[in-house]
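Student: I would like to learn how to read the surroundings of a bound ligand. Could we work through one case together?

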Amino acid sequence: MTTSIDMTTSATGTDSLQVPDFELSPELAAFRDRVREYADNHLGRAPEYDKNVEFPGDAVKAAAEAGLLCTTVAKEYGGSAMGNVASCVMLEEINKRCASTGVTISVHNSLVNSLLGKWCSDEQKRRWFPKLVTGEWLGAYCLSEAYSGSDAAALRCEAKREGDHYVMNGAKLWITTGSEAELFVVFARTGEDRVNGISAFVVEKSWEGVGVGKKERKLGLRGSPTTEIVLENVKVPADCLIAEEGVGFKIALDTLDGGRLGIASQALGIAAGSIELIRDHLASNVDAKGRPLASQADQWTLADLASELDAYRFLTWRAAVLRDRGVRCSTEAAMAKNTASRLANRAARAAVSILGQQGASGATVAERLLRDARITEIYEGATDIQRLVIARGLMS
Ligand code: COS
(Lines give C-alpha, C1' and ligand atoms only; values in the text may rest on other atoms or scores of the structure.)
Protein backbone atom coordinates (compact mmCIF):
# COMPACT_ATOMS: atom_id res chain seq x y z
CA MET A 1 0.00 0.00 0.00
CA THR A 2 1.34 3.40 -0.83
CA THR A 3 0.73 6.37 1.34
CA SER A 4 0.30 9.62 -0.43
CA ILE A 5 1.27 12.66 1.58
CA ASP A 6 -0.22 15.96 0.61
CA MET A 7 2.79 18.27 0.84
CA THR A 8 0.82 21.46 0.60
CA THR A 9 -2.22 21.17 2.78
CA SER A 10 -2.68 20.16 6.40
CA ALA A 11 -5.75 18.44 7.80
CA THR A 12 -7.06 21.84 8.81
CA GLY A 13 -6.79 23.12 5.28
CA THR A 14 -3.90 25.44 6.02
CA ASP A 15 -0.58 25.26 4.30
CA SER A 16 1.46 23.12 6.70
CA LEU A 17 4.76 23.40 4.87
CA GLN A 18 4.44 27.06 4.21
CA VAL A 19 7.69 28.91 3.71
CA PRO A 20 7.58 32.23 5.55
CA ASP A 21 7.16 35.20 3.29
CA PHE A 22 10.22 37.41 3.77
CA GLU A 23 8.62 40.40 2.09
CA LEU A 24 6.48 42.92 3.90
CA SER A 25 2.77 42.56 3.17
CA PRO A 26 1.37 45.28 0.87
CA GLU A 27 -0.24 46.95 3.91
CA LEU A 28 3.01 46.97 5.87
CA ALA A 29 4.99 48.18 2.85
CA ALA A 30 2.51 51.04 2.43
CA PHE A 31 2.84 51.84 6.14
CA ARG A 32 6.66 51.82 5.88
CA ASP A 33 6.43 54.23 2.95
CA ARG A 34 4.20 56.50 5.02
CA VAL A 35 6.76 56.44 7.84
CA ARG A 36 9.54 57.24 5.35
CA GLU A 37 7.53 60.21 4.16
CA TYR A 38 7.11 61.33 7.77
CA ALA A 39 10.87 60.93 8.30
CA ASP A 40 11.69 62.91 5.14
CA ASN A 41 9.37 65.72 6.13
CA HIS A 42 9.91 65.92 9.88
CA LEU A 43 13.26 64.48 10.95
CA GLY A 44 15.55 66.87 9.07
CA ARG A 45 16.38 68.67 12.32
CA ALA A 46 18.02 65.59 13.88
CA PRO A 47 21.51 67.19 13.86
CA GLU A 48 20.12 70.26 15.67
CA TYR A 49 18.37 68.22 18.38
CA ASP A 50 21.71 66.56 19.00
CA LYS A 51 23.84 69.70 18.87
CA ASN A 52 21.48 71.84 20.96
CA VAL A 53 20.48 69.01 23.35
CA GLU A 54 16.92 69.87 22.30
CA PHE A 55 13.87 67.65 22.77
CA PRO A 56 12.40 66.85 19.31
CA GLY A 57 8.98 68.14 20.33
CA ASP A 58 8.05 69.20 16.79
CA ALA A 59 8.97 65.79 15.36
CA VAL A 60 7.05 63.94 18.09
CA LYS A 61 3.99 66.15 17.56
CA ALA A 62 4.13 65.42 13.82
CA ALA A 63 4.45 61.70 14.63
CA ALA A 64 1.29 61.92 16.72
CA GLU A 65 -0.52 63.65 13.85
CA ALA A 66 0.68 60.90 11.49
CA GLY A 67 -0.80 58.28 13.83
CA LEU A 68 2.55 56.89 14.94
CA LEU A 69 1.97 57.12 18.69
CA CYS A 70 -0.84 54.60 18.79
CA THR A 71 0.36 51.54 16.87
CA THR A 72 0.14 49.30 19.93
CA VAL A 73 -3.29 50.51 21.09
CA ALA A 74 -6.57 48.75 20.26
CA LYS A 75 -8.97 50.53 17.91
CA GLU A 76 -11.68 50.81 20.55
CA TYR A 77 -9.35 53.07 22.54
CA GLY A 78 -8.41 55.22 19.57
CA GLY A 79 -5.35 53.27 18.45
CA SER A 80 -4.46 51.80 15.08
CA ALA A 81 -3.85 48.31 16.53
CA MET A 82 -1.10 47.68 14.02
CA GLY A 83 0.94 45.67 16.50
CA ASN A 84 4.57 44.87 17.12
CA VAL A 85 5.73 43.98 13.61
CA ALA A 86 4.46 47.30 12.27
CA SER A 87 6.03 49.09 15.24
CA CYS A 88 9.38 47.47 14.46
CA VAL A 89 9.19 48.48 10.80
CA MET A 90 8.28 52.02 11.86
CA LEU A 91 11.02 52.33 14.48
CA GLU A 92 13.76 51.17 12.14
CA GLU A 93 12.83 53.89 9.65
CA ILE A 94 12.59 56.62 12.29
CA ASN A 95 15.82 55.67 14.05
CA LYS A 96 17.71 55.65 10.78
CA ARG A 97 17.11 59.38 10.75
CA CYS A 98 16.80 60.42 14.39
CA ALA A 99 17.41 58.13 17.33
CA SER A 100 16.28 60.75 19.87
CA THR A 101 12.83 60.86 18.27
CA GLY A 102 13.00 57.09 17.86
CA VAL A 103 13.51 56.29 21.52
CA THR A 104 10.79 58.72 22.58
CA ILE A 105 8.30 56.94 20.34
CA SER A 106 9.59 53.49 21.25
CA VAL A 107 9.13 54.04 24.99
CA HIS A 108 5.72 55.66 24.52
CA ASN A 109 4.44 52.82 22.33
CA SER A 110 6.33 49.70 23.43
CA LEU A 111 6.68 50.31 27.15
CA VAL A 112 3.76 52.53 28.14
CA ASN A 113 0.88 52.05 25.69
CA SER A 114 1.51 48.31 25.35
CA LEU A 115 1.57 47.86 29.11
CA LEU A 116 -1.63 49.82 29.69
CA GLY A 117 -3.36 47.99 26.85
CA LYS A 118 -2.45 44.56 28.19
CA TRP A 119 -2.80 45.06 31.94
CA CYS A 120 -5.17 47.95 32.69
CA SER A 121 -8.93 47.75 33.22
CA ASP A 122 -11.35 49.11 30.64
CA GLU A 123 -12.04 52.10 32.88
CA GLN A 124 -8.32 52.87 33.25
CA LYS A 125 -7.76 52.62 29.52
CA ARG A 126 -10.62 55.03 28.86
CA ARG A 127 -9.07 57.44 31.37
CA TRP A 128 -5.55 57.58 29.90
CA PHE A 129 -5.57 56.45 26.27
CA PRO A 130 -7.37 59.50 24.82
CA LYS A 131 -4.42 61.65 25.87
CA LEU A 132 -1.71 59.11 25.00
CA VAL A 133 -2.84 58.15 21.49
CA THR A 134 -3.05 61.79 20.42
CA GLY A 135 0.32 62.65 21.90
CA GLU A 136 -1.24 65.25 24.21
CA TRP A 137 0.58 63.29 26.91
CA LEU A 138 3.79 61.33 26.53
CA GLY A 139 4.49 58.32 28.71
CA ALA A 140 7.57 57.20 30.63
CA TYR A 141 8.47 53.87 32.21
CA CYS A 142 10.01 54.06 35.68
CA LEU A 143 11.71 50.85 36.78
CA SER A 144 15.41 51.55 37.40
CA GLU A 145 16.77 53.04 40.60
CA ALA A 146 20.19 53.87 42.00
CA TYR A 147 20.55 50.36 43.45
CA SER A 148 18.50 48.41 40.92
CA GLY A 149 19.53 48.56 37.29
CA SER A 150 20.27 45.13 35.89
CA ASP A 151 18.91 43.53 39.06
CA ALA A 152 15.52 45.14 38.60
CA ALA A 153 13.82 43.24 41.45
CA ALA A 154 16.08 44.98 43.98
CA LEU A 155 14.05 48.19 43.66
CA ARG A 156 13.29 50.13 46.86
CA CYS A 157 10.68 52.73 45.91
CA GLU A 158 7.70 51.97 48.14
CA ALA A 159 3.94 52.42 48.02
CA LYS A 160 2.13 52.02 51.34
CA ARG A 161 -1.62 51.49 51.29
CA GLU A 162 -3.52 54.02 53.44
CA GLY A 163 -7.28 53.77 52.98
CA ASP A 164 -8.30 54.67 49.44
CA HIS A 165 -4.80 55.53 48.28
CA TYR A 166 -1.12 54.59 48.43
CA VAL A 167 1.65 56.85 49.69
CA MET A 168 4.60 56.57 47.35
CA ASN A 169 8.20 57.44 48.20
CA GLY A 170 11.36 56.85 46.20
CA ALA A 171 13.47 57.99 43.28
CA LYS A 172 13.66 56.51 39.80
CA LEU A 173 16.76 56.87 37.63
CA TRP A 174 17.56 56.93 33.90
CA ILE A 175 14.00 57.73 32.91
CA THR A 176 13.66 58.29 29.16
CA THR A 177 11.45 61.32 28.34
CA GLY A 178 11.46 62.04 32.11
CA SER A 179 11.10 65.81 31.85
CA GLU A 180 8.56 65.74 28.99
CA ALA A 181 6.22 62.92 30.03
CA GLU A 182 2.91 63.57 31.78
CA LEU A 183 2.22 59.95 32.68
CA PHE A 184 4.60 57.62 34.47
CA VAL A 185 4.28 53.88 34.91
CA VAL A 186 6.01 53.39 38.26
CA PHE A 187 7.09 50.08 39.80
CA ALA A 188 7.07 50.22 43.58
CA ARG A 189 7.30 47.90 46.56
CA THR A 190 3.99 47.05 48.25
CA GLY A 191 5.39 44.01 50.08
CA GLU A 192 8.66 42.52 51.24
CA ASP A 193 8.93 39.56 48.86
CA ARG A 194 11.68 40.34 46.33
CA VAL A 195 9.55 39.58 43.28
CA ASN A 196 5.96 39.27 44.51
CA GLY A 197 6.24 42.42 46.64
CA ILE A 198 6.40 44.66 43.56
CA SER A 199 3.35 46.42 42.09
CA ALA A 200 2.80 48.69 39.09
CA PHE A 201 1.05 52.08 39.21
CA VAL A 202 0.15 54.95 36.95
CA VAL A 203 1.37 58.24 38.39
CA GLU A 204 0.57 61.58 36.79
CA LYS A 205 3.17 64.30 36.68
CA SER A 206 0.77 66.99 37.93
CA TRP A 207 0.28 65.29 41.30
CA GLU A 208 1.79 66.82 44.41
CA GLY A 209 5.13 65.28 45.33
CA VAL A 210 6.07 64.20 41.78
CA GLY A 211 9.25 65.95 40.66
CA VAL A 212 11.75 65.80 37.85
CA GLY A 213 15.26 65.52 39.30
CA LYS A 214 18.69 65.59 37.73
CA LYS A 215 18.90 65.55 33.94
CA GLU A 216 21.75 63.37 32.63
CA ARG A 217 24.47 64.71 30.33
CA LYS A 218 24.80 61.99 27.70
CA LEU A 219 27.12 60.56 25.05
CA GLY A 220 24.31 60.08 22.52
CA LEU A 221 20.54 60.46 22.12
CA ARG A 222 21.09 64.01 23.28
CA GLY A 223 17.66 65.16 22.14
CA SER A 224 15.99 62.62 24.41
CA PRO A 225 15.90 63.84 28.02
CA THR A 226 16.95 61.21 30.57
CA THR A 227 16.14 62.28 34.10
CA GLU A 228 15.57 61.23 37.64
CA ILE A 229 11.94 61.14 38.81
CA VAL A 230 11.50 61.93 42.48
CA LEU A 231 8.41 60.72 44.36
CA GLU A 232 7.88 62.34 47.76
CA ASN A 233 4.81 61.34 49.73
CA VAL A 234 2.81 61.12 46.51
CA LYS A 235 -0.83 60.23 47.15
CA VAL A 236 -1.59 57.66 44.46
CA PRO A 237 -5.33 56.83 44.24
CA ALA A 238 -5.93 53.09 44.69
CA ASP A 239 -7.59 52.96 41.28
CA CYS A 240 -4.23 53.77 39.70
CA LEU A 241 -2.85 50.37 40.73
CA ILE A 242 -2.34 48.32 37.55
CA ALA A 243 -3.83 44.80 37.67
CA GLU A 244 -3.33 43.73 41.28
CA GLU A 245 -0.75 44.02 44.02
CA GLY A 246 2.31 41.78 43.64
CA VAL A 247 2.30 41.21 39.88
CA GLY A 248 4.29 44.35 39.06
CA PHE A 249 7.60 42.62 38.41
CA LYS A 250 6.10 40.18 35.93
CA ILE A 251 4.35 43.08 34.22
CA ALA A 252 7.67 44.92 34.07
CA LEU A 253 9.56 42.01 32.49
CA ASP A 254 6.76 41.05 30.14
CA THR A 255 6.61 44.65 28.93
CA LEU A 256 10.38 44.75 28.49
CA ASP A 257 10.11 41.85 26.03
CA GLY A 258 8.22 44.26 23.76
CA GLY A 259 10.45 47.21 24.66
CA ARG A 260 13.51 45.23 23.61
CA LEU A 261 12.00 44.80 20.16
CA GLY A 262 11.73 48.58 19.99
CA ILE A 263 15.40 48.96 20.90
CA ALA A 264 16.43 46.16 18.52
CA SER A 265 14.62 48.11 15.80
CA GLN A 266 16.35 51.29 16.87
CA ALA A 267 19.67 49.47 16.58
CA LEU A 268 18.69 48.16 13.12
CA GLY A 269 17.91 51.74 12.06
CA ILE A 270 21.29 53.00 13.29
CA ALA A 271 23.03 50.08 11.56
CA ALA A 272 21.12 50.69 8.33
CA GLY A 273 21.99 54.40 8.40
CA SER A 274 25.67 53.57 8.97
CA ILE A 275 25.73 50.98 6.18
CA GLU A 276 24.19 53.46 3.75
CA LEU A 277 26.91 55.98 4.59
CA ILE A 278 29.61 53.36 3.92
CA ARG A 279 27.95 52.22 0.68
CA ASP A 280 27.56 55.77 -0.66
CA HIS A 281 31.11 56.66 0.30
CA LEU A 282 32.62 53.59 -1.35
CA ALA A 283 30.43 53.87 -4.45
CA SER A 284 31.33 57.51 -4.99
CA ASN A 285 35.06 56.93 -4.65
CA VAL A 286 35.96 56.05 -8.28
CA ASP A 287 38.94 56.46 -10.60
CA ALA A 288 38.98 58.47 -13.82
CA LYS A 289 37.28 55.61 -15.65
CA GLY A 290 34.52 55.30 -13.04
CA ARG A 291 35.92 52.09 -11.50
CA PRO A 292 35.51 51.80 -7.71
CA LEU A 293 38.64 52.56 -5.74
CA ALA A 294 37.32 50.97 -2.54
CA SER A 295 39.76 48.55 -0.95
CA GLN A 296 38.74 44.93 -0.83
CA ALA A 297 38.79 45.11 2.97
CA ASP A 298 36.23 47.93 2.99
CA GLN A 299 34.04 46.04 0.53
CA TRP A 300 34.16 42.98 2.81
CA THR A 301 33.14 45.14 5.74
CA LEU A 302 30.19 46.51 3.79
CA ALA A 303 29.15 43.01 2.69
CA ASP A 304 29.35 41.54 6.20
CA LEU A 305 27.46 44.39 7.83
CA ALA A 306 24.69 44.31 5.23
CA SER A 307 24.31 40.53 5.58
CA GLU A 308 24.05 40.78 9.34
CA LEU A 309 21.52 43.60 9.08
CA ASP A 310 19.18 41.38 7.07
CA ALA A 311 19.67 38.46 9.47
CA TYR A 312 18.96 40.45 12.63
CA ARG A 313 15.97 42.19 11.09
CA PHE A 314 14.42 38.76 10.59
CA LEU A 315 15.28 37.80 14.17
CA THR A 316 13.53 40.95 15.34
CA TRP A 317 10.46 40.41 13.21
CA ARG A 318 10.24 36.77 14.33
CA ALA A 319 10.01 37.88 17.95
CA ALA A 320 7.49 40.58 17.02
CA VAL A 321 5.30 38.04 15.23
CA LEU A 322 5.32 35.85 18.35
CA ARG A 323 4.40 38.80 20.56
CA ASP A 324 1.59 39.79 18.21
CA ARG A 325 0.30 36.23 18.54
CA GLY A 326 0.37 36.51 22.33
CA VAL A 327 3.23 34.02 22.67
CA ARG A 328 5.95 34.82 25.21
CA CYS A 329 9.08 35.83 23.30
CA SER A 330 11.62 36.66 26.03
CA THR A 331 14.37 34.54 24.45
CA GLU A 332 13.67 35.67 20.89
CA ALA A 333 13.42 39.36 21.86
CA ALA A 334 16.69 39.12 23.79
CA MET A 335 18.35 37.45 20.77
CA ALA A 336 17.13 40.30 18.58
CA LYS A 337 18.36 43.05 20.91
CA ASN A 338 21.65 41.30 21.67
CA THR A 339 22.59 40.93 18.01
CA ALA A 340 21.10 44.13 16.57
CA SER A 341 22.61 46.40 19.23
CA ARG A 342 26.08 44.93 18.74
CA LEU A 343 25.71 45.32 14.98
CA ALA A 344 24.70 48.98 15.39
CA ASN A 345 27.91 49.65 17.29
CA ARG A 346 30.13 47.83 14.79
CA ALA A 347 28.44 49.40 11.78
CA ALA A 348 28.63 52.93 13.17
CA ARG A 349 32.28 52.44 14.15
CA ALA A 350 33.04 51.14 10.65
CA ALA A 351 31.28 54.15 9.10
CA VAL A 352 33.43 56.56 11.10
CA SER A 353 36.60 54.64 10.21
CA ILE A 354 35.85 54.27 6.51
CA LEU A 355 34.77 57.89 6.10
CA GLY A 356 38.03 58.86 7.81
CA GLN A 357 38.54 62.40 9.12
CA GLN A 358 35.20 63.31 7.62
CA GLY A 359 33.50 60.50 9.54
CA ALA A 360 34.99 61.56 12.86
CA SER A 361 33.97 65.17 12.37
CA GLY A 362 31.08 66.41 14.47
CA ALA A 363 29.59 67.85 11.30
CA THR A 364 28.69 64.44 9.85
CA VAL A 365 25.97 61.92 10.53
CA ALA A 366 28.49 59.09 11.12
CA GLU A 367 29.78 60.62 14.34
CA ARG A 368 26.24 61.04 15.73
CA LEU A 369 25.30 57.48 14.76
CA LEU A 370 28.35 56.17 16.62
CA ARG A 371 27.41 58.09 19.78
CA ASP A 372 23.72 57.10 19.47
CA ALA A 373 24.58 53.42 18.93
CA ARG A 374 26.33 52.98 22.28
CA ILE A 375 23.25 53.08 24.48
CA THR A 376 21.44 50.36 22.53
CA GLU A 377 23.77 47.87 24.23
CA ILE A 378 23.03 49.35 27.63
CA TYR A 379 19.40 50.32 28.19
CA GLU A 380 16.31 48.10 28.41
CA GLY A 381 18.65 45.38 29.60
CA ALA A 382 22.40 45.47 28.95
CA THR A 383 23.96 43.00 26.50
CA ASP A 384 25.02 40.62 29.27
CA ILE A 385 21.46 40.59 30.64
CA GLN A 386 20.16 39.69 27.15
CA ARG A 387 22.67 36.83 27.04
CA LEU A 388 21.53 35.71 30.48
CA VAL A 389 17.87 35.76 29.40
CA ILE A 390 18.75 33.79 26.23
CA ALA A 391 20.78 31.19 28.14
CA ARG A 392 18.05 30.79 30.76
CA GLY A 393 15.47 30.41 27.99
CA LEU A 394 17.55 27.75 26.26
CA MET A 395 18.15 25.81 29.49
CA SER A 396 14.58 25.93 30.79
N1 COS B 1 7.43 37.74 31.20
C2 COS B 1 6.66 37.33 32.22
N3 COS B 1 7.15 36.87 33.39
C4 COS B 1 8.49 36.86 33.51
C5 COS B 1 9.35 37.29 32.50
C6 COS B 1 8.76 37.73 31.30
N7 COS B 1 9.53 38.16 30.29
N8 COS B 1 10.62 37.16 32.90
C9 COS B 1 10.57 36.65 34.14
N10 COS B 1 9.28 36.49 34.50
C11 COS B 1 8.79 35.94 35.78
C12 COS B 1 9.49 34.65 36.11
O13 COS B 1 8.83 33.54 35.55
C14 COS B 1 9.44 34.63 37.62
O15 COS B 1 8.17 34.23 38.04
P16 COS B 1 7.99 32.94 39.00
O17 COS B 1 8.77 33.29 40.24
O18 COS B 1 6.52 32.83 39.21
O19 COS B 1 8.60 31.81 38.24
C20 COS B 1 9.56 36.11 37.98
O21 COS B 1 9.16 36.85 36.82
C22 COS B 1 10.95 36.51 38.36
O23 COS B 1 11.81 36.20 37.28
P24 COS B 1 13.34 35.89 37.48
O25 COS B 1 13.48 34.87 38.56
O26 COS B 1 13.93 35.59 36.15
O27 COS B 1 13.87 37.28 38.07
P28 COS B 1 15.32 37.82 38.27
O29 COS B 1 15.35 38.71 39.43
O30 COS B 1 16.30 36.68 38.24
O31 COS B 1 15.49 38.75 36.96
C32 COS B 1 16.62 39.59 35.03
C33 COS B 1 16.32 38.50 36.06
C34 COS B 1 18.09 39.89 35.11
C35 COS B 1 16.30 38.94 33.70
C36 COS B 1 15.80 40.89 35.19
O37 COS B 1 16.08 41.53 36.42
C38 COS B 1 16.10 41.87 34.07
O39 COS B 1 15.57 41.73 32.97
N40 COS B 1 16.93 42.91 34.33
C41 COS B 1 17.15 43.98 33.41
C42 COS B 1 16.19 45.07 33.69
C43 COS B 1 16.10 46.04 32.58
O44 COS B 1 16.03 45.68 31.42
N45 COS B 1 16.07 47.30 32.94
C46 COS B 1 15.94 48.35 32.00
C47 COS B 1 14.84 49.23 32.48
S48 COS B 1 14.28 50.31 31.27
S49 COS B 1 15.85 51.39 30.83
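Tutor: Let us begin with the polar contact, which is a pair of N or O atoms within 3.5 Å. In this model, which is predicted, a polar side-chain atom of Arg328 lies 3.2 Å from a nitrogen atom of the ligand.

Student: Which ligand atom is 2.7 Å from a polar backbone atom of Ser150, and which is 3.0 Å from a polar backbone atom of Gly381?

Tutor: For Ser150 the partner is a nitrogen atom of the ligand, whereas for Gly381 the partner is an oxygen atom of the ligand. As for cover, the ligand taken alone exposes 1000 Å², and the protein buries 73% of that.

Student: Where does the ligand sit, and which elements give two or more residues to the shell around it?

Tutor: The ligand sits in the largest pocket, and the elements that give two or more residues to its shell are helix H7 (248-284) and helix H12 (383-395). The largest share, 7 residues, comes from H7.

Student: How should I read the shell by residue, by class and by domain?

Tutor: A residue belongs to such a shell if one of its heavy atoms lies within 4 Å of the molecule. Here there are 20 residues around the ligand, of which Ser150, Arg194, Lys250, Arg260 and Arg392 come nearest. By class, the shell has 7 nonpolar, 5 polar and 8 charged residues, and at least three residues are drawn from each of domain 2 (140-249) and domain 3 (253-395).

Key
Residues numbered from 1 in each chain as written. Predicted model: local features only at pLDDT ≥ 70, side-chain atom pairs only at ≥ 80, totals over all residues. Heavy atoms only, no water. Polar contact = N/O pair within 3.5 Å; in protein donor to acceptor, adjacent residues only side chain to side chain. Areas by Shrake-Rupley, 256 points an atom, 1.4 Å probe, with all protein chains shown as cover. 1 Å grid on protein atoms, 1.4 Å probe; cavity = no way out; pocket = protein on both sides within 12 Å on 5 of 7 lines; lining within 4 Å. Sits in = over half its atoms within 2 Å of the grid points. Helix = DSSP H or I, 4+ residues; strand = E, 2+ residues; numbered from the N terminus. Nonpolar A, V, L, I, M, F, W, Y, C, P; charged D, E, K, R; others polar. Domains from an automatic or database assignment.
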